[in-house]
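I set out to record how the strands, helices and pockets of this protein are arranged. My entries follow the order in which I looked things up.

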Amino acid sequence: MSNDTPTLKVTVRTEKGKGASRRARREGLVPAVMYGHATESKHLLLPYLELAAILRNGGLNSIIDLDIDGEKQLVLTKQVDVHPLRNYLEHLDLTVIRRGEKVTVEVPVEVQGDAAPGTLVVQDATYVEIEADALSIPEIITASVEGIEAGNMVTAADLELPKGVTLISDPETAIVAVNEAPSAAELEAELDEEALGEGDAEAPAEERAAGAAEGDESAAE
């Protein structure tokens, strides 16, 4: 993460409740709550477009220098709630931080490299928990599978962390498994099994329909 901390001018939210939140979002604002460091929680309104740009550039662990009615406060985005269907920002949790302090956050893991030929790479964990300087949180942690043979695994302990970053997750956490790729015959057999299973699931419904038809005929006689 770049040390060029973005500044965002925000306002204190005086109205609360779902109705007030909906009105704020219609006006291009995102409701948020700020807390931490024994400070009193504050309910805020953040400009949507500027906030979205910050999150695109800095990721979900973005550091923002808030301007709250002329008062500056450094915060970390702790939780970002996005609407599951419409994909817009609904609400943010912001935690107060201080320059030079270390914070514990989850960072995405990105698989890089090509495993040995004839292998299948399966990512088991997409995030890893780390501790880092608040202003130097990496946007991603890479897991290299370059040249790894089938039957091997990359664990959290194998990850190359940037300088000053400490692993918090269990070192034995499985990040990536490198398996032997299935043959064409095995894939075909698996597809046949799935098709057979679907046929078995449909059979009872067909039998019930046939039974009902027989019952109707009997009643008619």
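The entries below deal with the barrel, the helices, the open sheet and the largest pocket in turn.

**Entry 1: the model.** I note at the outset that this is a predicted model.

**Entry 2: the barrel.** I asked in what order the strands of the barrel close. I found six strands in the order E1-E3-E2-E6-E5-E4, and their pairing is mixed. From one strand to the next, the twist averages 45°. I reminded myself that strands of a sheet pair through backbone hydrogen bonds, in either a parallel or an antiparallel sense. I then looked up one pair in detail: strand E2, residues 29-36, and strand E6, residues 89-96, are parallel and share four bridges. Within this region, I found Ala32 opposite Leu92 of E6.

**Entry 3: the helices on the barrel strands.** Which strands does helix H1 lie across? I traced H1 through residues 18-26 and found that it lies across E2, E3 (39-47) and E6. The helix runs at about 120° to E2. I next turned to helix H2, residues 48-58, which lies across E1 (7-12), E2, E3, E4 (63-68), E5 (71-82) and E6. With respect to E3, helix H2 runs at about 100°.

**Entry 4: the open sheet.** I also looked up an open sheet of three strands, which has the order E8-E13-E11 and antiparallel pairing. Its edge strands are E8 (119-123) and E11 (152-155), each of which pairs on one side only. The twist in this sheet averages 15° from one strand to the next. How many bridges join E8 and E13? I recorded five bridges between E8 and strand E13, residues 174-180, in the antiparallel sense. As one example of a bridge partner in E13, I noted Ala177, which is matched with Val122.

**Entry 5: the largest pocket.** I looked up the volume of the largest pocket and found about 440 Å³. Its lining consists of 21 residues, and those nearest the centre are Leu60, Asn61, Glu106, Pro108 and Tyr127. The elements that give two or more residues to this lining are H2, E5, strand E7 (102-112) and strand E9 (127-133). Which element gives the most to the lining? I found that E5 does, with five residues. Finally, I recorded the character of the lining residues: ten are nonpolar, six are polar and five are charged.

Notes: Residues numbered from 1 in each chain as written. Predicted model: local features only at pLDDT ≥ 70, side-chain atom pairs only at ≥ 80, totals over all residues. Heavy atoms only, no water. Pairing = 2+ DSSP bridges. Axes fitted to C-alpha atoms, helices over the stretch in contact; angles between N-to-C directions. Contact = heavy atoms within 4.5 Å. 1 Å grid on protein atoms, 1.4 Å probe; cavity = no way out; pocket = protein on both sides within 12 Å on 5 of 7 lines; lining within 4 Å. Points joined across faces, edges and corners; volume = space filled by probe spheres on them. Nonpolar A, V, L, I, M, F, W, Y, C, P; charged D, E, K, R; others polar.
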